[in-house]
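Please look through the model shown below before reading on. The text that follows goes from enclosed spaces to domains, and from there to the annotated segments of one chain.

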Amino acid sequence: MSRLIVRRLLVSLAVLWLVTLLVFVATLLLPGDPARAILGQQATPERIAALRAQLDIDAPVWERYLNWLGGVVTGDLGTSTATQGPVNDLLGDRIGASLVLLVAAAVLSTLVGLALGTWTAMRRGRAADHTVSGISLVIAALPEFVIGVALIVLLSTTVFPLLPSVTLAPPGEPVWSQPSQLVLPVLTLTLVVTPYITRMMRATMSEVLDSGYVEMARLKGIPEKTVLLRHALPHAIGPVAQVIALQLAWLAGGVVVVEFLFRYPGVGQALIDAVNSRDVEVVQAITLLIAAVYIVVNLLADIVGILTSPKLRAEVTR
Amino acid sequence: MSTRSTVFRRALSLPQAKIGLTLTAVVVLLAVLGPWLGPWLTGHDTTGFAGKPFQSDGVAGTDGLGRDVFTRFLAGGATLLLYAVLATAIGVVLGTALGMLAGYTGGRLDSVIMRGNDVLLSFPQLVFALLAIAMLGPQGWLLVLVIGITHAPRVARVARQATVAVKDSDYIRAAQLYAMPRRRILLREVLPNITGPLMVELGLRLTYSIGYVASLSFLGLGIQPPSADWGLMINENRIALVVEPWGVLLPVLAIAVLTVGTNLVTDSLASAAAGREKEVTA
Amino acid sequence: MTAHVAVASALEVSELRVNTLTGSPVLKGVSYAIAPGEVLALVGESGSGKTTAGLAALGHFRRGLAPAGGTVTARPRDGEPVDVLGLGERERRTLRGHTLAYVPQDPALSLNPALRIGRQIGEVLEAHGYGTSDEERAARVAEVLGEVGLPADEAYQRRYPHQLSGGQQQRVGIAMAFACRPSVVVLDEPTTGLDVTTQTLVLRTVAALTAEHGVAALYITHDLAVVAAIADRVAVMRGGEIVECGTTGEVLRRPAHAYTRELVDAVPDLDRGGDLPAPDGDTQTLRVKDLSVSYGEHEVLRDVSLTVHSGECLLLLGESGSGKTTLSRCVAGLNEHHTGTVELDGAALAPATRRRSAEELRAVQYVFQSPYSSLNPRRTIAQSVEVPLEMLTELPKAARRERVAETLDRVRLSRELAGRLPDQLSGGERQRAAIARALVTTPKVLLCDEVTSALDVSVQATIIDLLCELRAELGTAMVFVTHNIALARHVADRIAVLRGGEIVEVGPVDEVLSDPRHEYTRRLLANTPRM
């Protein structure tokens, strides 16, 4: 089994490497002179020359790639063309702020999703099941910003003006110093992914509850609670872990829109700013960062899958 | 049972499919006819000055540049819809082709295609789109292409799985027995038997495409001003949400109704397809 | 075994009705009683409602089904009779596994893959508070494992289900059922999917346990030969009703109901057989020489050689894993990873269909095991039958259509069905269509791979008859691949016995059956249940 995990780890590393290649190759798409493309037509020749030097444009492509990759590996993400400062400084606090959003939404949606999914799977075909299914179907259809705007209308401006609709904390102060400003962003992200986790959990649980071994456990006279905890749940965890991972990765994308909507000082907001100002190295750094988060989350889900698979576990005990 | 029970027909018999189709049809009609209806109904065009900024003139007031919100709302769905449909088509066709080829052929081709997929799948779709837009600028063809491309690996996964599930069926083996060429096996034996999951993918991808195009416009990186577009309008008008809410509410409502509609249809397709599979295995 | 006349029944089911939630009846008033120590066989074909009846005895109804009247009365070992359906879910649970036990059809699906087998057996004891201490329960787990003929040691108990063979898994299932010393055991087709030798072992275990502990057993099966081996009495089910009930001897020898008679007649008999046409020539139509297939270390086939003469039927007999399907696929060109040669009329065939000529492809045809997966669900029957003509002949469309119609007539498939999709046909009709597809190119060799094993007995008999008639009419050489030696005299002229990838015995049917040379063939014959 440990060999399987090591293999999976190597695959992740290979994918991560290909991702760096892709992110780098994307910069080659910049039309014409990259420096001019970034700085625009009004840029002075001096600034263009400086940027060309900074981007190492005259060096061969592979050398530029290796330099950049070397920087990334040693934790130096480059220099922002917009601020002229290191990308690391720019992202430092923002990573923490975004992680707060992500982790809060992930924990909340996983807990709610698993509970609701299990609960409805046990009440298949009844009114509670139909209601939850219907609501999650509707919410699942909505893009992040639609949910966000709806929440702002409902809880922040027109109907019940209870919560701030934008982040108020001054720069430099941690976002969690005013917890009320976290509520709407976290709630939006939670609403975005909970329906998926609920539906998947319901489907997986339904399948497991219909399985031969669960029927057999009931025919053996095992109490229902034991049937659920011992015979059903362990088999649902593996497949659901994959879906949760997928949804968390989705959060990493959704966070961009939500941060923009709530003017939240996180990585997503920085990405939008960087795209607008064509701040290439910042865009590279952030897309790479998000892809890395995604790869790690998926890796963890697969390891959970490997650990919960009885066939693989048995190999260890043998 | 009827003579030819297709997934589509069975899905349509479900009440939620009817609701979904109605919702979708209403918004699609609005989006398609809106650009013509708008000037005729309101007497304004989408970019012309209609009155002072953020006033309650006309049906839904004016926006920050004094343009008529209702005219812009009527005109704001067509491009979104067109881009979403094109992106979906690219994604589903490309993904289906790659997935079927990988699933049916197996071996090295399968590994190459699926590893390539994994790399693309490592980016949330929106982030990948942002990467491309950062380099090439917000252009229509790029939005369509990049959203389509990011759909492809996701569709390919489903198509591959469905293909693998049928490829060991004896009817495929029978076709091999008559030395049927691979392309014909894929088109005539495999494809008709995986339409269920593929139609579900089609619906799902359309729902997401609408969401992505609208989101990118909302971020200011999709359809560009001064065009009238729902996503863009929400961004333009949200500062005045309290005083002039219609500029935000109308487009939000339209996008919500549209995506909920397509998702309801998709879900009924999914349950019809699942029901069909059960019948076959039973 | 004697019937326990004086003792009150351990299980009594009367006028039991079960409906689907939409109200259509699944059981239409089923009544039977079983005395302690007695085995009642509940016989029926697929869809007769026998599994529903079996589960209802434990007060269990699958999703979508609900009881609609009647009673189930169970008598625990130490206590008063209880009305099972009158109890709440909680009280029913205390009966299940304790007084009423169940042995499932497919142990691979019914054992929890993530729990060690010792734990799964011990769990029943815990749930019903068997014994007073963990030691006592552990001792019982070991004891009951011994009773079903499995090792009882700690290491064995720590195994997971997937580390056991099918027969061992089924015996774990039986151990689980007998662990609490129940008074009634329901066994739902417990030997389907097992090879005959293992089947005999399982049947013996069940017989011994029920007799020894005075357990009333309801043995659900579709196989009348198994009934003869194990049951005291038989109840025959059809369409949710018991049409006939009596002692095993009576029902099998002198069936009263027409349906029972039909069933009994349809059972293939090892000793009797139809008068088969003699093969018309001695030209060697198909010749397989030194065929070997291996996947890595694993050798599936080892130097197999066979000949089939024109108009002859060769029965290729083998249990699961013997390589019989691999062999027939190599002949058909569906498995190109082999060494050795396949010759048709003296000319070697390419290993893959892609490199065979159209004429060669027309000459070798294949009928697959399951008609449920061999026809493309999105094509009509006529379209499916036409495909070989489209691919392998130059016939114009009209001529193809005509040939399809002729062939459908030949397999006695009504022309009305030609325009239907496979899922609108019964299993037997589908298999006829599959046979039509194989015959439409008038092949010289027809490979039939377990063509009856997915079908009910009565349908099996009609398909076998059809194949024999077609062989007589067309003079096609046939390879009939099966695991069921009882079919031999009904279809074949010669038998080849395949075991572990090697042919261990070949000869004319009569010789092999009456005087088997190889020890394996002898064991197969000894373990095949007879009526």
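The residues that line the largest cavity divide by class into nine nonpolar, three polar and one charged. This is a predicted model, and what is said here about its cavities, domains and segments should be read with that in mind. The volume of this largest cavity is about 120 Å³, and the residues closest to its centre, out of the 13 that line it, are A:Leu142, A:Pro143, A:Glu144, A:Trp250 and B:Tyr208. Which helices supply at least two residues each to this lining? They are α6 (127-141) and α8 (180-209) of chain A, together with α10 (195-218) of chain B. Of the contributions to the lining, the largest share is that of α10(B), which provides five residues.

The largest cavity is one of five in the structure that reach 30 Å³ or more, and the second largest holds about 60 Å³ of space. Chain B contributes B:Tyr171, B:Ala174, B:Ala175, B:Tyr178, B:Met180 and B:Glu189 to the lining of this second cavity, while chain C contributes C:Asn376, C:Arg379, C:Ser384, C:Val387 and C:Arg437. Two helices, α8 (170-177) of chain B and α14 (381-392) of chain C, each supply at least two residues of that lining, and α8(B) gives the most, with three residues. Sorted by class, the lining of the second largest cavity has six nonpolar, two polar and three charged residues.

From the cavities we can turn to the domains, beginning with chain A. The domain assignment of chain A gives domain 1 as residues 2-73 and domain 2 as residues 90-317, and the centres of these two domains, taken over C-alpha atoms, are separated by 31 Å. Where the two domains of chain A meet, 19 residues of domain 1 are in contact with 17 residues of domain 2. The area buried between them is about 1600 Å², with carbon and sulfur atoms giving 76% of it. On the side of domain 1 of chain A, the residues A:Ile5, A:Arg8 and A:Ile38 supply 30% of the area that this domain buries against domain 2, more than any other three residues.

Chain C is also divided into two domains, each made of two stretches of sequence: domain 1 takes in residues 2-110 and 183-266, and domain 2 takes in residues 284-379 and 438-527. Their centres, again taken over C-alpha atoms, lie 37 Å apart. Nine residues of domain 1 of chain C are in contact with eight residues of domain 2 of chain C, and the area buried between these two domains is about 930 Å², of which carbon and sulfur atoms give 48%.

For chain B, the starting point is the record. An unreviewed UniProt entry lists residues 77-261 of chain B as "domain: ABC transmembrane type-1", and in the model the chain over residues 77-261 is 80% helix and 0% strand, with its end C-alpha atoms 15 Å apart. The unreviewed entry's annotation "transmembrane region" covers residues 20-38, 80-105, 126-149, 206-227 and 239-261 of chain B. How much helix and strand does the model show over residues 206-227 of chain B? That segment is 59% helix and 0% strand, and its end C-alpha atoms are 22 Å apart. Over residues 239-261 of chain B, the chain is 70% helix and 0% strand, and the end C-alpha atoms are 29 Å apart.

Notes: Residues numbered from 1 in each chain as written. Chains lettered and ligands numbered in written order. Predicted model: local features only at pLDDT ≥ 70, side-chain atom pairs only at ≥ 80, totals over all residues. Heavy atoms only, no water. UniProt positions renumbered as here; feature names shortened; annotations may be inferred. Helix = DSSP H or I, 4+ residues; strand = E, 2+ residues; numbered from the N terminus. 1 Å grid on protein atoms, 1.4 Å probe; cavity = no way out; pocket = protein on both sides within 12 Å on 5 of 7 lines; lining within 4 Å. Points joined across faces, edges and corners; volume = space filled by probe spheres on them. Nonpolar A, V, L, I, M, F, W, Y, C, P; charged D, E, K, R; others polar. Domains from an automatic or database assignment. Contact = heavy atoms within 4.5 Å. Buried area = accessible area lost by both parts, 1.4 Å probe.
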